[in-house]
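Trainee: Could you walk me through this one, starting with the sheet and ending with the pockets?
Mentor: Sure, take a look first.

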Amino acid sequence: MATRWGLCSAGKISHDFTVALKTLPPEDHQVVAVAARNLEDAQEFASKHGISRAYGSYEELARDPNIDVVYVGVIHPYHLSTCLLFTKAKKNVLCEKPLAMNAKEVKEILASAKMNNVFFMEAVWTRFFPISVEIRRLLAQGEVGEVKMVRAEFGSEQMHIPRSVQKELGGGALLDIGIYCLQLICMVYNGEKPERIQATGFCLETGVDETVVVTLKFSNNRLAVFTCSLRVQLPNDAIIVGTKGIIKIPAHMWCPTSMVVNGKETQYPLPEPSLPLNFTNSTGLRYEAEEVRQCLLKGLKESSVMSHADSLLLAEMEDEIRRQVGIVYSQDC
C-alpha cells in the first residue's frame, strides 16, 4: 500500500515536496489531498500536481480519514497551532523545520504527538541525504579518528524575502538557515549537549538576526563553529576535522550532492525534477519522505535519525543563541 500524504499549505515548499515525491515509486507514495487557507489556491495546486482532493481549510484536511500522514509546510509561527490541530486529530505528521519558534512550543507539540500516539518528525531533510548517512557511517567506524572540530556556514542574500526579515513571519537567519549548520554539529556530536555556547551577531531594524556567529564547546575539548547570514552569500560548505582525517562537504552543505573524505571526492547525484523547483536540490526531499514511510511501516512514533530529543536539543540551543544575540519573538513572552 502506498503511503497517502496530505499537504498542509499550497506554498513553494509543498510544491517542491510534491515534485520530490514523484521521483519515488507511485506504489510507495501518493499525495491524495492538499489544504490551503484559500480554496482556490488549493484547487490550483491540486490541478497542477494531479491531486484528487483540495480543501479550503486545514480543519477539513484534519478530518479526512483517508490520509496516512500530513506534511506541514506553513511558515513556522504557525507550526504550533497547525501541528496541534493534526496531532489531536490523530494524524501522523512531518513538519517543516524549524519545528517551532522556541523550545516551549516544541515541548507542547511533542507532548501532543505522544499523548495522541501518532508519528511525528521535524523535517530536517539534510539528515536523510545519502551523504549524511555516509557521514554517520564513517564517524561510527572511526574513519577520521576522534572528531575535534566542526565548521559550517550558510549565508544567502534573502533581505528581499518578507518571511526572512519580518519578525511576525518568523524571520531571522538562525531559525531559517542557521539551523542547518546547528543540526550538522548535533549529528556529528551524537546529540550531545554542548558545555558552552558563545554567540554574537546583529539584528535588523525589524528585530530579527541578520548575521550570527556561534562557537560551541563540547566535552573533551571538542569544538564547533558556524556562521549564518541573510545579508551575504557565504561559501556554504562544512568540514568535519578528526585526529586522522577530514570530511569536507562542499556547497550546498544543507542539501549536499558531493563529499570529500581525506582528499577523495564522491558524487551523489539527485534525480531530475519533473517540474521546475523553487529551492536548491529539492528532489532531495524524497529521502525524508521515504524515512517517514519506513517508520510508519514499522509502527514507530519517531525516527531515530531525527528524534524528538534531537528536535528539542536544536530548539534549546537556538533559544540560548537568540538570548545571547538579543532576538525575542512574541512567542517567547
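**A strand, then two pockets**

Trainee: Which residues are buried on the two sides of strand β4 (residues 69-72)?
Mentor: Keep in mind that this is a predicted model, where local features need pLDDT of at least 70 and side-chain atom pairs count only at 80 or more, while totals for chains, interfaces and linings use all residues. Residues are numbered from 1 along each chain as its sequence is written, and side-chain values use heavy atoms, without hydrogens or water. A strand is a DSSP run of E, at least two residues, and a helix one of H or I, at least four, numbered from the N terminus. Both faces of β4 are covered, with the buried residues (under 20% relative accessible area, 1.4 Å probe, protein chains only) being V69 and Y71 on one side, V70 and V72 on the other.

Trainee: Which residue is the bridge partner of C8 in β4?
Mentor: Strand β1 (residues 3-8) runs parallel to β4, joined by four bridges; strands pair if DSSP finds at least two. For C8, the partner in β4 is V72.

Trainee: Which residue in β5 stands opposite Y71, and what hand has the crossover that leads there?
Mentor: β4 and strand β5 (residues 92-96) are parallel and share four bridges. Y71 faces L94. From β4 the chain passes through α4 to β5, and this β-α-β crossover (clockwise from first strand over the helix to the second, strands pointing away from the viewer) is right-handed.

Trainee: What is the volume of the largest pocket?
Mentor: A pocket is an open set of points on a 1 Å grid where a 1.4 Å probe fits, with protein on both sides within 12 Å along at least five of seven lines; lining residues have an atom within 4 Å of a point. The volume is the space filled by probe spheres on the points, which are joined across faces, edges and corners. Here that comes to about 1,200 Å³.

Trainee: Which of its 41 lining residues are closest to the centre?
Mentor: Helices α1 (12-21), α4 (79-88) and α8 (173-188) each give two or more residues to that lining. Closest to the centre of the pocket are K12, I13, I75, R163 and F279.

Trainee: Why does the largest pocket lie between two domains?
Mentor: The bounds come from an automatic or database domain assignment. The pocket lies between them because its lining takes residues from both domain 1 (3-123) and domain 2 (126-269 + 280-291 + 303-325).

Trainee: Which element gives the most to the lining of the second largest pocket?
Mentor: This pocket has a volume of about 330 Å³. Of its 18 lining residues, L139, M187, V188, Y189 and N190 are closest to the centre. Two elements, α6 (130-140) and α8, give two or more residues. With four residues, the top contributor is α6.

Terms used: Buried means under 20% relative accessible area, exposed over 50%, partly exposed in between (1.4 Å probe, protein chains only).
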